[in-house]
There are 2 protein chains.
Amino acid sequence: MTNTLYLPELREMLAENNAAELREFCEALHPARTAEFMEGLSAPEMWAVLRHADPQLRVQIFNFLDYEKQIEILQDADRAEIAQLVSDLPPDDRVDLLEEVNPEVVAELMPLLPVEERRDIQRLSSFPEDSAGAIMTTEFARLSENLSVRQALDEIGRQAEDLETIYYLYVVDTEDHLRGLVSARQLVSKIGKPDTKIGDIMERDLVTVNVLDDQEQVADKVAHYDLLAIPVVDDEWRLVGIITHDDVIDVMREEAEEDAYHRGAVHPLEKSYLETRLVTLTWKRGIWLAVLFFAALLTAVTLEHHEAVIAGIPWLVLFLPLIVSTGGNSGNQSATLIITALSAGDVRVNDWARIVRREFLMGLMLGGSLAAVGYLCALSVAPGYYDATVIPITILLVVVCGTLTGSLLPLLFRRMGLDPAMMSNPFVAGLIDLLGIIIYMNVSLLML
Amino acid sequence: MTNTLYLPELREMLAENNAAELREFCEALHPARTAEFMEGLSAPEMWAVLRHADPQLRVQIFNFLDYEKQIEILQDADRAEIAQLVSDLPPDDRVDLLEEVNPEVVAELMPLLPVEERRDIQRLSSFPEDSAGAIMTTEFARLSENLSVRQALDEIGRQAEDLETIYYLYVVDTEDHLRGLVSARQLVSKIGKPDTKIGDIMERDLVTVNVLDDQEQVADKVAHYDLLAIPVVDDEWRLVGIITHDDVIDVMREEAEEDAYHRGAVHPLEKSYLETRLVTLTWKRGIWLAVLFFAALLTAVTLEHHEAVIAGIPWLVLFLPLIVSTGGNSGNQSATLIITALSAGDVRVNDWARIVRREFLMGLMLGGSLAAVGYLCALSVAPGYYDATVIPITILLVVVCGTLTGSLLPLLFRRMGLDPAMMSNPFVAGLIDLLGIIIYMNVSLLML
């Protein structure tokens with residue numbers, strides 16, 4: 001995946017210490033692409049290249065480097081130079097990064113930072129992980145409502161280089177209470193009337209998030225309202241930061257991956273698959289696999305309890321895996337439907353009665369069709385028409401039980417304040433396996 | 001979920017035909033929130049309210065209404081008024097919406113639209129679903145590189161109301177070939193030097209997508225480069241549209257949902273869970289459930305083939321569901337890991353040898369631990385130490401087989417140009433169930 005096209009040239013420039021060419025390399029392309037071309041270099045080589053870019057561009061390219069390389073650079077390069085880089089980094093990225101850096105290095109770096117930035121880092125790192133406060137940035141445009149359009153444009157022109165976004169400008173009073181919002185679009189469209197007051201054009205009905213809101217809620221709001229950035233306020237409605245669209249996209253990716261892991265019964269990884277150590281990976285799977293294994297042991301206990309039934313009617317065994325997997329599949333489907341609908345906001349816990357009715361009816365239709373097929377198959381091995389009916393009856397009951405369990409468990413988890421995606425599917429599968437066997441054995445016991 | 005707070009007031013205003021108050025209602029809040037307050041109204045009532053907003057605001061509120069209601073309004077309201085609304089809608093949303101509207105209505109509406117918009121609709125609807133062309137908008141700011149910063153700002157000020165974004169301005173030559181990009185940020189930061197030429201400040205190394213690229217690729221690029229919008233070019237590098245960050249967020253949600261459905265073996269829904277008809281829903285699940293059922297029937301066939309083994313050693317049955325589900329769980333985990341890593345770009349098909357090695361080792365570690373527990377359990381029911389070893393040996397083989405199948409199938413699907421998420425998990429589960437039983441029966445046959 002590494003782009004090695006320019007590596008020899010880059011190494012040659014470094015060997016010759018060719019400042020002009022290295023500078024040109026840094027400036028020629030989009031920072032993300034410059035970072036790609038540097039991928040094959042070691043961390044010290046990367047830093048040797050970056051030192052030739054001016055500070056603002058240096059930070060941009062740095063931000064696109066591989067995360068591990070960023071940490072290496074912060075830990076190994078000259079402290080004073082790194083302090084400069086750290087103080088230029090976007091406040092939200094900076095905090096995440098410093099958490100991964102060796103604490104001793106951080107302790108050495110902190111005194112080299114301007115006092116204001118040091119406080120900013122301390123404040124941002126105090127917010128709980130996955131909260132709005134932990135992903136927000138503190139560099140945004142603040143305006144007073146008394147400014148004119150002309151003054152506002154001049155003001156932003158001055159600050160533009162330091163701000164994460166200039167596309168939404170937040171209007172605050174002297175105590176930082178959020179009063180309104182002006183978009184750069186509004187400002188630019190009023191360029192013909194430069195004396196208009198900000199207070200007269202700003203929007204006052206704002207969509208905000210609280211600094212302690214969960215990042216998933218933040219993403220939902222930004223997506224729903226099609227925002228470029230969302231202001232973060234504290235309990236007193238003071239503006240403490242903003243979260244920009246690119247961070248929201250990152251949150252969405254992260255949450256989607258986390259959900260996928262949960263549904264697959266893997267504890268979410270922190271690094272990529274190939275970068276995660278085998279022992280870690282085994283552990284992250286092993287805990288879940290073990291939980292599911294012990295749950296599955298209950299099926300063995302249940303079967304042992306009904307050993308007489310099986311010994312008496314040996315052909316029942318043939319359908320055992322079929323019945324268990326059909327129940328699991330239908331439960332899994334229901335869980336998927338409800339988890340997806342819950343996270344899209346299409347259903348709520350209060351809709352449970354309607355959901356139960358729908359899932360029950362679907363269970364009847366699906367179970368009924370499969371039962372018909374199952375009956376035909378059973379006829380070929382069972383001793384008679386009556387005996388064979390055990391199979392369709394069991395299939396029908398297991399599928400209905402699967403759809404009901406699969407749909408109700410995620411609702412129950414949500415009701416209890418847990419993430420429905422977190423345990424539902426593996427949990428559902430294990431539970432339905434067990435229920436399937438209990439149903440199968442009892443139907444057989446009653447009928448045969 | 002409907003906000004009914006203002007419904008009585010709104011209906012009263014409508015009954016009195018109170019234009020001033022209705023107009024104020026439309027203007028007071030964020031358009032998304034205005035739309036929320038209208039949720040309980042019928043489509044004709046909604047339109048009666050919207051008619052009091054000025055056209056630009058009307059379109060914004062309309063865009064936040066429920067999709068079904070939007071379609072109803074388009075179909076039922078006065079054609080001439082609707083033509084005005086349609087011509088104000090963002091070009092990308094408009095095309096999606098018109099595809100859902102009764103074709104006869106569309107045929108009546110089209111002649112009422114300006115010829116340019118009509119062509120735009122025809123062109124956009126010609127692109128394949130899920131391609132960049134199908135989600136792009138054609139309303140964006142075009143500049144010539146000879147303009148000065150001052151001229152560019154004036155120009156954008158004039159166009160701002162009609163454009164979907166003014167934050168990236170695209171520089172094209174006389175034949176619409178994409179030459180560069182200027183961000184509003186750059187423009188505003190040069191406000192002190194208004195005579196600077198656009199050609200001197202524009203970026204020339206641009207990240208673009210082709211009009212036929214898949215929407216998932218588009219989302220990946222926008223996320224990777226942290227863009228607000230990405231230009232869409234044709235094969236001759238002519239700028240034909242742009243895709244904005246909010247559409248990318250929608251694409252990501254859509255793709256994440258689709259993946260979730262695929263992994264849960266449900267054919268993706270077009271509407272929300274509660275809005276989808278039961279018959280449709282049953283069908284979308286039923287096809288997959290049936291496929292998996294027939295696959296599971298193979299387990300019954302396999303067991304019948306080995307009926308003698310089971311009849312001879314009845315305690316083997318107790319471990320049947322345990323072994324099948326443990327294999328399925330470990331395979332499911334591997335498939336989840338590899339599918340997630342593939343879609344995040346962390347692994348490629350070429351990494352297969354490394355993946356196989358890792359999964360094999362993990363299979364040994366996980367299978368080994370579970371085998372040890374399984375042996376202890378088997379001792380309690382098996383007639384002797386030797387007989388009981390069938391269980392740990394089977395568990396070890398099944399888990400290794402599960403990790404290998406689970407990791408290789410998604411790679412195979414990707415290699416064949418199919419979406420790995422599309423069939424892998426249900427497919428994996430079915431296959432491993434079958435393999436598990438074959439392994440179990442053969443180990444028993446060989447050893448006992």
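This talk covers three helices and their packing in chain A, and then the contact between chains A and B. A word of caution before the details: this is a predicted model.

Let me start with helix H10 of chain A, residues 115-124. Its buried residues are A:Asp120, A:Ile121 and A:Leu124. Around the helix axis they cover an arc of only 100 degrees, so they sit on the same side of H10(A). Turn to the face away from that buried side, and you find the exposed residues A:Val115, A:Arg119 and A:Gln122.

What do the buried residues of H10(A) pack against? Their partners are helix H8, residues 91-100, and helix H11, residues 132-135, both of chain A. Take H8 in particular. The axes of H8(A) and H10(A) come within 10 Å and cross at roughly 70 degrees. An angle from 65 to 115 degrees counts as roughly perpendicular, and the two helices are therefore roughly perpendicular to each other. Their crossing is right-handed. On the H8(A) side the contact is made by A:Pro91, A:Asp92, A:Arg94, A:Val95 and A:Leu98. H10(A) contributes A:Asp120, A:Ile121 and A:Leu124, which are the buried residues I named a moment ago. By class, this contact has five nonpolar residues, three charged and no polar ones.

Next, a second helix pair. Helix H20 of chain A, residues 352-379, packs with helix H22 of chain A, residues 390-415, at an angle of about 155 degrees, and their axes are 7 Å apart. That angle makes H20(A) roughly antiparallel to H22(A). Here too the crossing is right-handed. The contact of H20(A) with H22(A) holds 21 nonpolar, six polar and one charged residues.

Now helix H12 of chain A, residues 149-159. Which of its residues are buried? They are A:Val149, A:Ala152, A:Leu153 and A:Ile156. Seen down the axis, these fall within an arc of 100 degrees, so they line one face of the helix. Within chain A, that buried set packs against strands S1 (142-143) and S2 (168-172) and helices H13 (184-189) and H14 (198-201). It also packs against helix H13 (184-189) of chain B.

That brings us to the two chains. Their contact takes 96 residues from chain A and 96 residues from chain B. On the chain A side, the largest share, 15 residues, comes from helix H19, residues 320-343. That side divides into 58 nonpolar, 20 polar and 18 charged residues.

Conventions:
Residues are numbered from 1 along each chain as its sequence is written. Chains are lettered from A and ligands numbered from 1 in the order in which they are written. This is a predicted model: local features need pLDDT of at least 70, side-chain atom pairs count only at pLDDT 80 or more; totals for chains, interfaces and linings use all residues. A residue is buried if 20 or more other C-beta atoms lie within 10 Å of its own, exposed if 12 or fewer, and partly exposed in between; C-beta atoms are placed from the backbone. Helices (H or I, at least four residues) and strands (E, at least two) are DSSP runs, numbered from the N terminus. The arc is that of the directions from the helix axis to the C-beta atoms. Two residues are in contact if their C-beta atoms, placed from the backbone, lie within 7 Å. Axes are lines fitted to C-alpha atoms, for helices over the stretch in contact, and angles run from 0 to 180 degrees between N-to-C directions. Angles under 35 degrees count as roughly parallel, over 145 as roughly antiparallel, 65 to 115 as roughly perpendicular and the rest as oblique. A crossing is left-handed if the near helix is turned anticlockwise from the far one by less than a right angle, and right-handed if clockwise. Ala, Val, Leu, Ile, Met, Phe, Trp, Tyr, Cys and Pro count as nonpolar, Asp, Glu, Lys and Arg as charged, and the others, Gly among them, as polar.
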